[in-house]
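Me: I am new to this structure and would like a close look at a single part of it. Please take me through one small sheet and then show me what else may be worth following from there.

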Amino acid sequence: MTASTPSQQTHHTDPIARAKSRIRTISVRSTYRLQLRLDTLTFTDARTIAEYLQQLGISHLYLSPILTPMHGSTHGYDIADPTTVSAALGGPGGLKALADEVRSRGMGLIVDLVPNHVGVADPRQNPWWWDVLRNGKESAYQHYFDIDWSSSNGAGGRLALPILQSENDPASLTVDRSGQEPMLALRDLRFPIAPGTDGDNALRIHDKQHYRLVSWKAGLCTYRRFFAVSSLAAVRQEDPEIFDITHRELAAWCEHDLIDGVRVDHPDGLSDPADYMVRLRQLIGPDRLLLVEKILANREPLDATLPVDGTTGYDALAGLGGVLIDPEGESALTELSRRFAGHGSDRAWVGETEHRIKRAVAESILTPEVRRLVAAIKRDAAAESFDTLALTNATIEVLAFMPVYRADYAPLAGMTGAVIAEVEKRNSELTAPLSVLVTALAVDGEAAVRFGQVCGAITAKAVEDTMFYQGARLVSLQEVGGNPARFGHSLNEFHLANTERAQRWPASMTTLSTHDTKRGEDVRARIGVLSQAASIWARSVESWLERTPVADGATALFLLQNMFGVWPADGRPASSVPGLRERLHMFAEKAIREAGTRSSWEEPDSEFEAAVHGWLDTVIDGPIGAEISDLVHDLAPHAWSDSLSQKLLQLCGPGIPDIYQGCELWEDSLVDPDNRRPVDFTARTGMLHSLTGTPALDTSGAAKMWIVAYALWLRRERPECFVGGTYLPLFATGEQASRLVSYARGKPGTAPEVIVAATRHSVGLVESGWGDTALDLPSGSWTDRLTGHTFQGRARVEKLFARLPVALLVR
């Protein structure tokens, strides 16, 4: 890390004081995430909805990546040219016009920055990559990428491109001479031919190139990638030259005051995330918001020495959903999982499974990364002759036991040593190779850098992309940044987490849905209600699977929960909802292959997948589908209650709330690309304008928009109560006190001005009601902005929630 400036040293030594001083310069009250697409949502389209978002109460538009991506990209993270604004989205002029539009409305822009990688799926679209393929080590851009050119790299010192479907694919190579320069052609792909190597047949020309096309199954890739995605090549941001050129556009946006902050995508992939953040903060200045997509492990703190304002909110998501999970349902759902999945999807299973899958990932799709890491370990430890197999095994074992994405952040000092000690205790035969690893890490050179990068990649691919598709107890817990081993959060834990965020990270982002979440917030909330109706759900599943057997119980249990989450709540059969059947089949295929237990992306089992698809259709079209409809209808009021509760708790809680596009109404998104479907903003604008009184809790979603708008309007009216405001837990009294979650917000040094109250575990209230449960309000008269009702002193909760399951009280 570079030396700290005096201001950075102040940040390092007193992060809470720095947070309190920073909030005075941050104007961001709330963000609205727009997933830009060249076909449905360009800069011009964003301008047309700016008025609606202003009326909704949003302070800043939060844009997905806006630099030039690969042609046809639907997400923007495969940037082909990081030096230009996407012309397809509207180019620099379109960005300027959008910035001017939102500025004229008192709003601003946050942009999504992708520093870790660029898109290389089609080499012709990436001029840097094309030049490297053409000129090899003589290319002016070869040092932009993290490439292994060594003669021992497995590709004969060439750049291995794992794109072939089979080893026989090179026989299909031809030479395309239709353009100014000849190119090697493989189907629709084109590759450059190095000067002086033309004039022979395609295979022999290929053998003379600086690159080598290899099978994606060969476990050979000689450049660092984004995880195991070979179409995304990592960029060496640690080089000042590369940092400058890849951040040239960002610098211009800041210079011309077009943006108010940045979100940094996947910082854990960089060689030194902390040093990168210091340089980025220096570039954007002290007053712009800086957020990191940092996925924190269970009870892992965000590094307070980083010059950032917080994370993108997955830590908040886990708490907001967790406090609504009913721990009483754990036993029944664990037993149901044990019966049909063969395991309880519980703490013991998570621990064993995470270790096993991490090892499998390291030994399969991430073999190239592990191989390169081990080579670096041997060099840094001056142990070139040490047994490679033994060292590889020991290194993988340590990585498999690491409980975080990477352990080289300041608060995690000592973690790697503790894990190594535990590994050695488990297997004393690893003592010798572990000593080589320790020696290399102590050098703090290439091996230490690659260790952190590979650790994060293994964790992401093993946990989020595999294990979270294998667990089947309560799938709403299997979310980015979540911990399925923890069955819910207590009120006390929820309040302390909020208190710490208010004090330490008051401008951190909070979220409920993103383009990366496994399912949308309302889907997750509805599935979470199963924790309150565990016995009913268990009996239903047992009956359904007895009558309609399936090839794999774990797959069925996983899919049934997700189907329950998106099933229409208005009584319509799922078969009548346009596109739903197709969406469920697409999700099932992805879930099956990600889980990797019966089929996979590498080796799809068409017979098994066909059986699951057939079972899905049988469920959708038959009596089981009708029974799912009945159950969804019966539990819908409780699902809506939880959706409104988590939304209001987020919108008024500590931090800056982000609303993912369209989520101001009920939404039924599953994992990407399902969650990137176009949003009907015309309908949302019409609904916002038509709201005239407290709406009913029904399928229209008007109730959700109602609380979103009133919460955002209140943030705009009293900003000092929120970002940087105080947080005070409030607890109810009476027989159902545990079913209320409430807190107060206010300006620093003054009495509370806002009280949020929300229902949790509402299924249990059907028979008992709220009874004598009450909430003692601070002195004064309090009006619920959602209903207009006024309360003083001890408020009976049954009256507080007479119209809605939430309340937003203002003094």
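Reply:

**A three-stranded sheet and some ring pairs**

In this predicted model, Met183 has Pro192, a residue of β10, as its bridge partner. That bridge belongs to the pairing of strand β9, residues 183-186, with β10, which runs in the antiparallel sense over four bridges. Seen as a whole, the sheet is open and has three strands in the order β8-β9-β10, paired antiparallel. Its edges are taken by β8 (174-176) and β10 (189-192), each of which has a single partner strand, so one side of each is left without a neighbour in the sheet. From one strand to the next, the twist averages 40°. Helix α5, which covers residues 127-135, packs on this sheet and touches β9 and β10, with its direction at about 55° to that of β10.

From the sheet, one can turn to a helix further along the chain. Helix α9 spans residues 273-284, and its 12 residues reach 16 Å from the first C-alpha to the last, close to the 16 Å expected at 1.5 Å a residue. This helix is largely enclosed by the rest of the structure, because 10 of its 12 residues are buried; among them are Pro273, Tyr276, Leu280 and Ile284. Just after α9, Gly285 takes a positive phi of about 90°.

Tyr276 also leads to the aromatic pairs, of which the structure holds 19. In one of these, Phe243 and Tyr276 meet edge-to-face, with 5.7 Å from centre to centre and 70° between the planes. The pair links distant parts of the chain, since Phe243 lies in helix α7 (residues 240-246) and Tyr276 in helix α9, 33 residues apart. Both Phe243 and Tyr276 are buried.

A further pair is formed by Tyr727 and Tyr743, whose ring centres are 4.9 Å apart and whose planes stand at 35°, so the pair is tilted. Tyr727 is in strand β19 (residues 726-730) and Tyr743 in strand β20 (residues 740-746), so this pair ties together parts that are 16 residues apart in sequence. Tyr727 is buried, with a relative accessible area of 10%, and Tyr743, at 0% relative accessibility, counts as buried too.

Two other ring arrangements complete this look. Tyr32, Tyr52 and Phe681 are linked into a cluster by ring pairs, while Arg33 lies over the face of Tyr62, at 4.7 Å from the ring centre.

Notes:
Residues are numbered from 1 along each chain as its sequence is written. This is a predicted model: local features need pLDDT of at least 70, side-chain atom pairs count only at pLDDT 80 or more; totals for chains, interfaces and linings use all residues. Side-chain values use heavy atoms; hydrogens and water are left out. Helices (H or I, at least four residues) and strands (E, at least two) are DSSP runs, numbered from the N terminus. The expected span of a helix is 1.5 Å times one less than its number of residues. Buried means under 20% relative accessible area, exposed over 50%, partly exposed in between (1.4 Å probe, protein chains only). Two strands pair if DSSP finds at least two bridges between them. Axes are lines fitted to C-alpha atoms, for helices over the stretch in contact, and angles run from 0 to 180 degrees between N-to-C directions. Contact means heavy atoms within 4.5 Å. Rings of Phe, Tyr and Trp (its six-membered ring) pair if their centres lie within 6.5 Å; planes under 30 degrees apart count as stacked, over 60 as edge-to-face and the rest as tilted. A charge sits over a ring if NZ of Lys or CZ of Arg is within 6 Å of the ring centre and within 35 degrees of the ring normal.
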